Amino acid sequence: MNGNEGAEDQKEQRREEALARGAERRRQREGATAKEYPPSPLIQSIVKTLRHLSVDTEQIMDEVIVRTDPESLIETCKLLRETAELEFTYLRCLSAVDYVENIEVVYHLSSLEHPHKTVVKTQVPTESAELPSVVPIWRGADWHEREVHDLFGMAFTNHPNMSPLLLFDGFEGFPLRKSYKIPEQKEGLGG
Amino acid sequence: MSTLLITITQVSILLAFIMVMVLILTYLERKVLARIQMRMGPMRTGPYGILQSLADMMKLLAKEDIRPHGSDRMLFYLAPLFVFVPSFLIWITIPFTRNIVVENLELGLFYIVAVSTVSIVGMVLAGWASGGKYSILGSARSAAQLISYELPLVFVIAGVGILAQSFNLITIVNQQSSIPAIVYQPLGFTIFFVAGLAEVGRIPFDIPHAESEVVGGPFVEYSGIRWSIFFLAEYANTLAIATLSVLLFLGGWSGPLTEHFEWLQPIWLILKVSAILFLIFWIRATLPRFRIDQLMQFAWKILLPLSFVYIMVNATVPFVETVITSNAASNQLTGIAQIILGACQILILFLVAFAISKRRKKYLTHLHQGVPA
Amino acid sequence: MDNIPSTEPVEFMLNVGPQHPATHGVLRLLIDVDGERISQVETHIGYLHRGTEKLCEGETFSQIISLFDRLDYVANFNMEMSYVMAVEKILGLDVPIRAEYIRVVTCELNRIASHLLFYGTLGLDIGAMTPVMYAFREREALQAYFESVSGARMMHNFFRVGGVKEDLPEGFLESLQSYLPKLKQAVQECDQLLTLNDIFLERTKGVGILEKVDAVDFAVSGPNLRASGVEHDIRRTEPYSIYPNLKFSIPTGTNGDSWDRYWVRMQEIQESIFIIEQCIDQIEPGPISGRTRTVIRPPKGEAYVRTESPRGDFGVYLVTEENKEQPYRIKMRSPSFCSLMALETMLQGEYLADAVTILGTLDFIMGEVDR
């Protein structure tokens, strides 16, 4: 039994590798190669600002990504907003991605004073999905957080009003989680 | 007995006349608006869509009569009548020519002012009886507006009465047989026209039933025949204001050749009324609507003081004239007095226009600051 | 003494929407009014929530384009633009230069069409009937152009990953070139009809002021942000496509009131016409699409792409998995959503009638707010 399963696994792995190689070849043939982006000077100043916090900073493509843990999220955001050379006053987007075990909340920030942008990411386990709210830092996070609460079941502590935004009252489940099953609908009227 | 019969016949003819006129008026309004807006207007019902109003009327009559739950049954049914009856009663004393009038009242103008005020009650009743928040808001607006604009209207009518020394409409028109009153009373005409527009609630004063704010105001819950009664009243009022301004200021049925050909009189009246109606439609196609506080400010801070000034000028000039010429018997102004009166009023109008343009200039300088380099 | 009515101000709650002519769709406002003054507002959205983000997770990359058409349904090209750019960024794909020009021309035409719609409906909101007719005459002409390009007047489904669906039809650019002066004249006519009308000035000047601080804090974008005096346009600050090659100015307001928001949009129409004229001069024949597979399987990665839609900063956050035909997650950052967030602050203390002008000048599209 055991050996059989191992063989299956190997087969599966080989298949995936082959698919990946095929995809890579296709991309090369189509002239779509990963573009080179110049390293951003922003990374140094972010690292300098956040050096006493447990954050990971890296550059992927043209985005500077700051990975932080939920505990130091508020501190990170505050520093990013208030440090003179960063001034991330503009919260572009707040979204969440469900990675089954974890839910990642992504904050896209930019500055109107300086031509730079950054991404703050933090992950919380799906069972205890809870994060501090950033509404005190950017008021514009209000509805975004309510939306994430609706669709992912993420609780934001300190949020002024955590009522449903997009879904109706009494909606069951969190539709954007990968575990959500879309209810079967009957054909025709009354379905 | 026979007088009663005659009166009933006269009133029925008048009622039918008003209904037909309203049908024509709605058709014309839609066509004029359409031309201004580069459209065709109604085209499908009959040649050039002339049967459109008739078709609309049939549709409205055939519609289900709906009364919202929670409304006051009796008042809800009564309110349209409260609005329509006064607007119809006005017409009893409005003359169409020197001889055609249902009842030539000696205090005709006074009667018109008194009767037309009753329709405010109907508006408030309609809003209240519907039991909706939008209708209440609309009727509150409508009461405030009608009461505010009643005042300048009454003052202008008083001013006209002072000059004519009569409240009889036929006398007033007869006095204008050589020169229409607008020549020496431009201010009076302006105030009367503006206040009249507000009285009938047309753009830019259609705040009581602004569709985008209170979605129809007092009439929001009405449909079918009851709504069409309101509609009828509104258009009868519009027509009445247009006719009145022609009678009071534009010389009524008097015009070239009317002395020789009696039948030209109603034609001249119709032409003049049409011109005023066209002006009303044109304004409707051009202007946005005021806000309720601006409307009130306009009434109490601009129109009412102006009508005070108007009544003062109208009273002073004839008085000075009688003192100088010591000719108290004649109630007609002499040519010189008319010129002085006209000059005074034009001066006042010019001052008002100057104040408005100055205000506009303030905005314009602001605009240029806003332009990026 | 008990039966003397109280003279205390009585507030009552007015339910505006979801079916109300001023809400431009299915927005619902619970307004507490004190007479004609608004004392408090509660905004309710979600009446048009179709779960587009969830739907996208089950569709292939090329099917999703048609879902984006249905977000901001008066600026479809601009919606598609953000999405295809996000996929191209993950793929690392270069788009042929002619395709970029076609995209920009259609996007700018769509911006004009959208602003004309704004102009017309704002006129209706404040009681002027004629503007909407003038605006729609030109909008009809523009939609005829859209139809000739994409085959559809509204839901175009025209952009493709790596290019556009088809080349411009024959004679399109010549026809557009001869039409643009007419459009310019028509826009001027519209301008004369409303912009400096005394009543219009009274109704919009100093009404519904959105302070700069509030605008930035709520992440308001596009014309609404620029009207508050922030010179911020994605086409300039983070140039994409061929915008670096084009000259245009960014109109900004000073007060952030309703009139400024209106004025900025009217100026943007002129700028868009200018941009299209430059594009017509610069565009050259060439391929309109790269060699892209019908079934797109991008590598694992993520991209956040923003473009300037007529309503502002429209962003797409795309997360992909290795070798999957469907995206792992798509999030649309819609500008109207953020503008509406500022509404509660803006409406406080204004007149009920001004709520209508403020809603009109914020120029939101509920399809994009609710997604």
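**Notebook: chain contacts and two sheets**

I began with chain B and chain C, and found 37 residues of chain B in contact with 44 residues of chain C, where contact means heavy atoms within 4.5 Å. I note that this is a predicted model, in which local features need pLDDT of at least 70 and side-chain atom pairs count only at pLDDT 80 or more, while totals for chains, interfaces and linings use all residues. Residues are numbered from 1 along each chain as its sequence is written, chains are lettered from A and ligands numbered from 1 in the order in which they are written, and side-chain values use heavy atoms, with hydrogens and water left out.

**Entry 1: chain B against chain C**

I looked up the buried area, that is, the accessible area (1.4 Å probe) that two parts lose on being put together, summed over both. For chain B and chain C the value is about 3700 Å², with 62% of it on carbon and sulfur atoms.

I then searched this interface for salt bridges, defined as a side-chain nitrogen of Lys or Arg within 4 Å of a carboxyl oxygen of Asp or Glu, and the rule finds one. B:Arg291 forms a salt bridge with C:Asp354, and their closest N and O atoms are 2.7 Å apart. I also noted nine residue pairs in polar contact across the interface of chain B and chain C, both residues being at pLDDT 80 or more. A polar contact is a pair of N or O atoms within 3.5 Å; within protein, one must be able to donate a hydrogen and the other to accept it, and residues adjacent in sequence count only if both atoms are side-chain atoms.

For the elements, I use DSSP runs numbered from the N terminus, helices being H or I with at least four residues and strands being E with at least two. Among the elements of chain B that each supply at least two residues to the side touching chain C are helix 1 (2-36), helix 12 (292-325) and helix 13 (335-370). Helix 13 of chain B gives the most to that side, with nine residues. By class, I recorded 19 nonpolar, seven polar and eleven charged residues on the side of chain B that touches chain C; Ala, Val, Leu, Ile, Met, Phe, Trp, Tyr, Cys and Pro count as nonpolar, Asp, Glu, Lys and Arg as charged, and the others, Gly among them, as polar.

**Entry 2: chain A against chain C**

I next compared the chain pairs: of the two pairs in contact, chains A and C share the most contacts, whereas no contact joins chain A and chain B, whose closest C-alpha atoms lie 18 Å apart. The contact of chains A and C takes 51 residues from chain A and 52 residues from chain C, and these chains bury about 4500 Å² between them, 52% of it on carbon and sulfur atoms. On the chain A side, A:Arg92, A:Arg139 and A:Trp143 lose the most area to chain C, together 18% of what that side buries.

I found eleven salt bridges between chain A and chain C. One of them joins A:Asp62 to C:Lys89, with the closest N and O atoms 2.8 Å apart. The rule also finds 20 residue pairs in polar contact across this interface. Strand 3 of chain A gives the most to the side that touches chain C, with ten residues, and that side divides into 28 nonpolar, six polar and 17 charged residues.

I also looked up A:Arg139, whose side chain meets that of C:Asp217 in a salt bridge (3.2 Å, N to O). This pair runs from helix 8 (residues 212-217) of chain C to the loop between strand 6 (130-132) and helix 4 of chain A.

**Entry 3: the sheets**

In chain C, I traced an open antiparallel sheet of three strands in the order 1-2-3, counting two strands as paired if DSSP finds at least two bridges between them. Strand 1 (11-16) and strand 3 (37-44) of chain C stand at the edges with a single partner strand each, so one side of each is left without a neighbour in the sheet. Six bridges join strand 1 to strand 2 (residues 28-34) of chain C, and C:Val16 has C:Leu29 as its bridge partner in strand 2.

In chain A, I found five strands in an open sheet of mixed pairing, in the order 1-2-5-4-3. Strand 2 and strand 5 of chain A pair in the parallel sense over four bridges, and A:Ile65 has A:Val119 as its bridge partner in strand 5.
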